Amino acid sequence: LAVLSVSVLLAGRVHRQNPLVRLFHAVGIFSFSLYLYHFPLLLLSYAGLVAFTGELVNYTRYYWLAVPLVTAGCFALYYITERPAVRYFRGT
């Protein structure tokens, strides 16, 4: 199914105005920053939760709060680190 989906996308059968394609394109732009920073930010947010509650417990709902915050943090770090570096090395 994944190979078929990628083949359809590469064949150009999906319009660029498709909201799902636009969403995945936006995520793809900062995907390297997401890859680099997601785990350290998850650990820092868990450490903050432990410091806030004072308990070393694995909360089941922790990820519902942490994942959007980590994603937003990775998006911000993309603008701080990756985007200026890419512009510098491209010479623009």
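This is a short chat about reading helix α4 and its surroundings in a predicted model.

Me: What should I know before I start?

Reply: Residues are numbered from 1 along each chain as its sequence is written, and side-chain values use heavy atoms, without hydrogens and water. Because the model is predicted, local features need pLDDT of at least 70 and side-chain atom pairs count only at pLDDT 80 or more, while totals for chains, interfaces and linings use all residues.

Me: How far should α4 span?

Reply: Helices are DSSP runs (H or I, at least four residues), numbered from the N terminus. The expected span is 1.5 Å times one less than the number of residues. For the 29 residues of α4 that gives 42 Å, and the end C-alpha atoms are 40 Å apart, which agrees.

Me: Where does α4 bend?

Reply: A bend is the angle between axes fitted to the seven residues ending at a residue and the seven starting there. In α4 it's about 45 degrees, at Tyr78.

Me: Is Ser33 buried or exposed?

Reply: Buried means under 20% relative accessible area, exposed over 50%, partly exposed in between (1.4 Å probe, protein chains only). Ser33 has 1% relative accessibility, so it counts as buried. It sits in helix α3 (residues 31–53).

Me: Which residues does Ser33 contact?

Reply: Contact means heavy atoms within 4.5 Å. Leaving aside neighbours within four places in sequence, Ser33 contacts His38, Cys74, Tyr78 and Glu82. Those last three are among the buried residues of α4, which pack against α2 (19–29) and α3.

Definitions and conventions:
Helix = DSSP H or I, 4+ residues; strand = E, 2+ residues; numbered from the N terminus.
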